[in-house]
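Hi,

Here is the structure we talked about, ready for you to open in your viewer. My notes follow below it.

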Amino acid sequence: MLDWTTAFNRKVKRRLSKDYVIWLTTVGSDLTPQPRPVWFIWDGETVLIFSQPQAHKVRHIAQHPGVALTLNTDEEANEVMVILGRAAIDPSVPPAYKVPAYFKKYRTGIERLNMTPEEFSREYSTPIRVMPTAVRGF
(Lines give C-alpha, C1' and ligand atoms only; values in the text may rest on other atoms or scores of the structure.)
Protein backbone atom coordinates (compact mmCIF):
# COMPACT_ATOMS: atom_id res chain seq x y z
CA MET A 1 0.00 0.00 0.00
CA LEU A 2 1.12 3.51 -0.75
CA ASP A 3 1.47 6.14 1.92
CA TRP A 4 -1.08 8.76 0.86
CA THR A 5 -0.26 11.01 3.83
CA THR A 6 2.91 12.62 2.43
CA ALA A 7 2.47 16.17 1.12
CA PHE A 8 3.18 15.18 -2.48
CA ASN A 9 0.98 12.08 -2.42
CA ARG A 10 -1.90 14.12 -0.96
CA LYS A 11 -1.57 16.45 -3.98
CA VAL A 12 -1.65 13.43 -6.28
CA LYS A 13 -4.76 12.14 -4.52
CA ARG A 14 -6.51 15.51 -4.93
CA ARG A 15 -5.72 15.47 -8.64
CA LEU A 16 -6.98 11.91 -8.97
CA SER A 17 -10.24 13.03 -7.40
CA LYS A 18 -10.78 16.00 -9.73
CA ASP A 19 -8.96 15.56 -13.05
CA TYR A 20 -11.06 14.63 -16.08
CA VAL A 21 -8.42 12.70 -18.07
CA ILE A 22 -5.37 10.69 -17.15
CA TRP A 23 -2.73 9.22 -19.48
CA LEU A 24 -2.56 5.43 -19.33
CA THR A 25 0.69 3.96 -20.62
CA THR A 26 0.74 0.26 -21.39
CA VAL A 27 3.49 -1.80 -23.00
CA GLY A 28 2.90 -3.33 -26.43
CA SER A 29 4.00 -6.78 -27.54
CA ASP A 30 7.18 -5.19 -28.97
CA LEU A 31 7.81 -3.64 -25.51
CA THR A 32 7.15 -0.12 -26.82
CA PRO A 33 5.33 2.16 -24.33
CA GLN A 34 1.88 3.14 -25.62
CA PRO A 35 0.41 6.22 -23.86
CA ARG A 36 -3.20 7.28 -24.39
CA PRO A 37 -5.62 9.62 -22.60
CA VAL A 38 -8.49 7.86 -20.84
CA TRP A 39 -11.47 8.68 -18.65
CA PHE A 40 -11.16 7.34 -15.13
CA ILE A 41 -12.41 7.45 -11.58
CA TRP A 42 -10.45 7.17 -8.37
CA ASP A 43 -12.12 5.25 -5.54
CA GLY A 44 -9.52 6.12 -2.91
CA GLU A 45 -7.48 2.98 -3.56
CA THR A 46 -7.64 2.12 -7.26
CA VAL A 47 -8.22 3.75 -10.63
CA LEU A 48 -11.09 2.44 -12.73
CA ILE A 49 -11.07 2.82 -16.53
CA PHE A 50 -13.58 1.49 -19.05
CA SER A 51 -12.31 0.34 -22.46
CA GLN A 52 -13.56 -1.07 -25.69
CA PRO A 53 -12.84 -4.81 -25.44
CA GLN A 54 -10.87 -4.92 -28.70
CA ALA A 55 -8.59 -1.99 -27.77
CA HIS A 56 -4.85 -2.55 -27.83
CA LYS A 57 -4.56 -1.53 -24.18
CA VAL A 58 -6.65 -4.54 -23.14
CA ARG A 59 -4.29 -6.94 -24.96
CA HIS A 60 -1.25 -5.09 -23.62
CA ILE A 61 -2.46 -5.41 -20.03
CA ALA A 62 -3.07 -9.14 -20.48
CA GLN A 63 0.58 -9.53 -21.58
CA HIS A 64 2.24 -6.86 -19.42
CA PRO A 65 0.16 -5.70 -16.42
CA GLY A 66 2.68 -3.02 -15.37
CA VAL A 67 1.32 0.40 -16.35
CA ALA A 68 1.91 4.09 -15.70
CA LEU A 69 -0.74 6.74 -15.15
CA THR A 70 0.33 10.32 -15.80
CA LEU A 71 -1.65 13.38 -14.79
CA ASN A 72 -1.61 16.39 -17.09
CA THR A 73 0.83 19.16 -16.24
CA ASP A 74 1.22 22.77 -17.30
CA GLU A 75 3.34 23.89 -20.27
CA GLU A 76 6.46 24.25 -18.13
CA ALA A 77 6.04 20.91 -16.30
CA ASN A 78 6.00 22.56 -12.90
CA GLU A 79 3.99 19.72 -11.40
CA VAL A 80 4.74 16.23 -12.70
CA MET A 81 2.75 13.31 -11.29
CA VAL A 82 3.22 9.72 -12.45
CA ILE A 83 1.62 6.73 -10.78
CA LEU A 84 3.06 3.29 -11.43
CA GLY A 85 0.76 0.34 -10.96
CA ARG A 86 -0.55 -3.07 -11.86
CA ALA A 87 -3.56 -3.25 -14.16
CA ALA A 88 -6.07 -6.04 -14.58
CA ILE A 89 -9.42 -6.58 -16.22
CA ASP A 90 -11.98 -6.61 -13.41
CA PRO A 91 -15.10 -8.57 -14.42
CA SER A 92 -16.75 -7.82 -11.05
CA VAL A 93 -17.34 -4.19 -12.04
CA PRO A 94 -20.88 -3.40 -13.25
CA PRO A 95 -21.42 -1.54 -16.54
CA ALA A 96 -20.21 2.08 -16.56
CA TYR A 97 -23.71 3.54 -16.35
CA LYS A 98 -24.26 1.58 -13.11
CA VAL A 99 -21.13 3.05 -11.49
CA PRO A 100 -22.56 6.29 -10.03
CA ALA A 101 -19.24 8.16 -9.70
CA TYR A 102 -18.23 7.33 -13.28
CA PHE A 103 -21.58 8.27 -14.76
CA LYS A 104 -21.73 11.52 -12.77
CA LYS A 105 -18.25 12.52 -13.92
CA TYR A 106 -18.70 11.63 -17.61
CA ARG A 107 -22.40 12.17 -18.26
CA THR A 108 -21.73 15.24 -20.42
CA GLY A 109 -18.86 13.54 -22.26
CA ILE A 110 -21.05 10.55 -23.05
CA GLU A 111 -23.76 12.88 -24.35
CA ARG A 112 -21.16 14.61 -26.57
CA LEU A 113 -20.41 11.20 -28.07
CA ASN A 114 -24.12 11.05 -29.01
CA MET A 115 -24.49 7.90 -26.94
CA THR A 116 -26.89 6.89 -24.23
CA PRO A 117 -25.31 5.63 -21.00
CA GLU A 118 -26.34 2.10 -21.96
CA GLU A 119 -24.81 2.42 -25.45
CA PHE A 120 -21.59 3.75 -23.97
CA SER A 121 -21.51 0.88 -21.48
CA ARG A 122 -21.95 -1.70 -24.26
CA GLU A 123 -19.19 -0.08 -26.36
CA TYR A 124 -16.80 0.45 -23.42
CA SER A 125 -17.58 -2.80 -21.67
CA THR A 126 -14.16 -3.81 -20.38
CA PRO A 127 -13.37 -2.50 -16.89
CA ILE A 128 -9.67 -2.01 -16.17
CA ARG A 129 -8.64 -1.57 -12.56
CA VAL A 130 -5.22 -0.13 -11.74
CA MET A 131 -3.70 -0.67 -8.30
CA PRO A 132 -1.07 2.02 -7.67
CA THR A 133 2.29 0.70 -6.46
CA ALA A 134 4.43 3.86 -6.55
CA VAL A 135 4.14 7.60 -7.12
CA ARG A 136 6.82 9.70 -8.77
CA GLY A 137 7.14 13.33 -9.63
CA PHE A 138 7.68 16.79 -8.20
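What covers the buried residues of α2? The cover includes β1 (21-27), β2, β4, β5 (66-71), β6 (81-89) and β7 (126-137). Please keep in mind as you read that this is a predicted model.

Let me stay with that helix for a moment. Helix α2 spans residues 56-63, and its buried residues are K57, V58, H60 and I61. These four cover an arc of only 160° around the axis, which puts them on the same side of α2. H56 and A62, on the other side of the helix, are exposed. The cut-offs behind these words are under 20% relative accessible area for buried and over 50% for exposed.

Now the chain as a whole. It has 4 helices and 7 strands, and from the N terminus their order is α-β-β-β-β-α-β-β-α-α-β. The radius of gyration is 15 Å, close to the 14 Å that the globule rule gives for 138 residues, so the chain is as compact as a globular protein of that length. Along the principal axes, the C-alpha atoms fill a box of roughly 40 × 35 × 30 Å. Buried residues make up 41% of the 138 in the chain. If you take the contacts with a separation of 6 or more, 68% of them join residues 24 or more positions apart.

Next, the pocket. The largest one has a volume of about 170 Å³. Its lining consists of P37, V38, W39, F50, S51, Q52, A55, K57, Y102, L113, F120 and Y124. Two elements, β2 (33-39) and β4 (47-51), each give two or more residues to this lining, and β2 gives the most, with 3 residues. By class, the lining divides into 9 nonpolar, 2 polar and 1 charged. K57 belongs to this lining and is also one of the buried residues of α2.

Q52 is another lining residue of the largest pocket, and you may like to click on it. Q52 sits in the loop between β4 and α2. Its relative accessible area is 22%, so Q52 counts as partly exposed. Leaving aside residues up to four places away in sequence, Q52 touches V58, E123, Y124 and T126. Among these, V58 is one of the buried residues of α2, while Y124 also lines the largest pocket. How far apart are Q52 and T70 in space? They are 21 Å apart, C-alpha to C-alpha, with their positions 18 residues apart in sequence.

There is also an enclosed space to look at. The structure holds 1 cavity of 30 Å³ or more, and about 50 Å³ of space lies in the largest cavity. Which residues line the largest cavity? They are M1, L2, W4, E45, M131 and P132. This lining has 5 nonpolar residues, no polar ones and 1 charged.

One last residue is D43, in the loop between β3 (41-42) and β4. With a relative accessible area of 48%, D43 is partly exposed. D43 and S17 are 26 residues apart in sequence, and their C-alpha atoms are 8.2 Å apart in space.

Happy to go through any of this with you at the screen.

Best wishes

How values were computed. Residues numbered from 1 in each chain as written. Predicted model: local features only at pLDDT ≥ 70, side-chain atom pairs only at ≥ 80, totals over all residues. Heavy atoms only, no water. 1 Å grid on protein atoms, 1.4 Å probe; cavity = no way out; pocket = protein on both sides within 12 Å on 5 of 7 lines; lining within 4 Å. Points joined across faces, edges and corners; volume = space filled by probe spheres on them. Nonpolar A, V, L, I, M, F, W, Y, C, P; charged D, E, K, R; others polar. Buried < 20%, exposed > 50% of the residue type's maximum accessible area, 1.4 Å probe, protein only. Arc of directions from axis to C-beta. Contact = heavy atoms within 4.5 Å. Rg over C-alpha atoms; globule rule 2.2 N^0.38 Å.
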